[in-house]
Amino acid sequence: MDVLLDNLDLYGPGFLNTVELFLISAVGSLVLGTILAMLRVAPVPVMRAIGTTYVTLIRNTPLTLVFFFFALAFPLLEIVNADTFGGSAASYYFSAALMALILYTAAFVCEVVRSGINTVPVGQAEASRALGLTFGQMLGSVVLPQATRAVVPPMMSTMIALLKNTTIAAGFSVFQAGSISLNLSERGENQLIGLLWVAAFFIVLVIPMTLLQRSLEKRWSIAR
């Protein structure tokens with residue numbers, strides 16, 4: 001307990017930055033992933049090809065390399081740099097971490113959503129088109145609401161993986177939970193105890209997500 005209380009100036013900002021990184025990345029990846037899933041099932045071949053190419057490339061690329069690209073390659077290519085963010089290197093690396101996590105996780109979200117779409121009977125889509133609904137209206141009003149019920153467990157697993165992936169940002173100058181152990185080492189604190197508190201923090205975040213998953217599964221199974 002002394003390690004935690006004596007280093008609240010590390011744990012507080014570190015945990016808050018982790019939560020912020022996770023929440024923004026989760027929302028961004030859900031939005032982008034759903035759009036990609038719509039491209040994957042679109043009736044236009046070009047749109048399907050775009051979605052498939054994105055998922056194939058990103059999903060098979062290590063997340064660390066994605067981080068490297070946004071954190072190091074962007075400045076070298078003069079696409080963006082710290083001056084773009086008011087000269088703040090911390091803001092730049094935080095934004096780079098967000099882009100890496102969103103683009104990477106969106107590929108997995110896309111496949112989860114697509115698998116949910118495939119669980120909806122084909123007759124539902126055919127009936128929607130027969131009623132004169134457009135492709136977008138069919139997905140938004142008929143298919144996606146039903147698909148959402150089927151993807152809760154895998155989607156929550158993807159979000160939990162995203163939460164743990166935020167620790168990679170520590171290697172790219174983003175101060176968050178994954179950076180705490182290094183700072184504790186510099187202060188001569190017990191790193192093992194410090195890491196146990198970090199692990200406890202992640203457990204505290206994961207438990208509500210698991211409970212939410214079970215609650216949604218129970219509610220929607222009754223609805224079905």
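## The largest pocket

Twenty-one residues line the largest pocket, and those nearest its centre are Leu30, Met155, Met156, Met159 and Leu212. In this predicted model, the volume of that pocket comes to about 450 Å³. Four helices, namely α2, α7 (135-150), α8 and α10, each contribute at least two residues to the lining, and the largest share, six residues, is supplied by α2.

Leu30, one of the residues nearest the centre of the pocket, belongs to helix α2. Its relative accessible area is 31%, so Leu30 counts as partly exposed, the class that lies between under 20% for buried and over 50% for exposed. Apart from residues up to four places away in sequence, Leu30 touches Val109, Met155 and Met159, and two of these partners, Met155 and Met159, are themselves listed among the residues nearest the pocket centre. The C-alpha atoms of Leu30 and Ala106 are 6.5 Å apart in space, although 76 residues separate the two in sequence.

## Overall architecture

The chain contains ten helices and zero strands, and its elements, read from the N terminus, run α-α-α-α-α-α-α-α-α-α. Of its 224 residues, 38% count as buried. When contacts are taken between residues at least 6 apart in sequence, 79% of them join residues that are at least 24 apart. The accessible surface of the chain amounts to about 11900 Å², with 66% of it belonging to carbon and sulfur atoms.

## Annotated transmembrane regions

An unreviewed UniProt entry carries the annotation "transmembrane region" for residues 20-42, 63-80, 92-113, 162-180 and 192-212. This assignment comes from the record, and such annotations may be inferred rather than shown by experiment.

For two of these spans the model can be set beside the record. Residues 92-113 are 100% helix and 0% strand, with their end C-alpha atoms 31 Å apart. Residues 192-212 are likewise 100% helix and 0% strand, and the C-alpha atoms at the ends of that span also lie 31 Å apart.

## An aromatic cluster

Four aromatic pairs are present in the structure. In one of them, the ring centres of Phe15 and Phe201 lie 3.8 Å apart and the planes meet at 5°, which is under the 30 degrees used as the limit, so the pair is stacked. This pair links distant parts of the chain, since Phe15 sits in helix α2 (residues 8-40) and Phe201 in helix α10 (residues 191-223), with their positions 186 residues apart in sequence. Phe15 and Phe201 are both buried.

Phe201 also pairs with Phe202, in an edge-to-face arrangement with 5.5 Å from centre to centre and 70° between the planes. Through these ring pairs, Phe15, Phe201 and Phe202 are linked into a cluster. Phe201 has a relative accessibility of 12% and therefore counts as buried, and Phe202, for which the value is 12% as well, is also classed as buried.

## Thr166 in a loop

Thr166 is located in the loop between α8 (152-165) and α9 (180-186), and its position falls within the annotated span 162-180 of the UniProt record. Because its relative accessibility is 0%, Thr166 counts as buried. Its contacts, not counting residues up to four places away in sequence, are with Thr18, Leu21, Phe22, Leu101, Gln176 and Phe202; of these, Phe202 is a member of the aromatic cluster formed with Phe15 and Phe201.

## Further positions in α2 and α10

Arg40 lies in helix α2, the helix that also holds Leu30. With a relative accessibility of 17%, Arg40 falls under the 20% limit and so counts as buried. When its neighbours within four places in sequence are left aside, Arg40 is in contact with Arg48, Gly51, Thr52, Val55, Cys110, Glu111 and Arg114.

Val206 has its place in helix α10, and, with neighbours within four places in sequence again left aside, it is in contact with Ile160 and Leu163. Val206 and Ala161 are 45 residues apart in sequence, and the distance between their C-alpha atoms is 10.0 Å.

Conventions: Residues numbered from 1 in each chain as written. Predicted model: local features only at pLDDT ≥ 70, side-chain atom pairs only at ≥ 80, totals over all residues. Heavy atoms only, no water. Buried < 20%, exposed > 50% of the residue type's maximum accessible area, 1.4 Å probe, protein only. Contact = heavy atoms within 4.5 Å. Phe/Tyr/Trp six-rings, centres within 6.5 Å; stacked < 30°, edge-to-face > 60°. Areas by Shrake-Rupley, 256 points an atom, 1.4 Å probe, with all protein chains shown as cover. 1 Å grid on protein atoms, 1.4 Å probe; cavity = no way out; pocket = protein on both sides within 12 Å on 5 of 7 lines; lining within 4 Å. Points joined across faces, edges and corners; volume = space filled by probe spheres on them.
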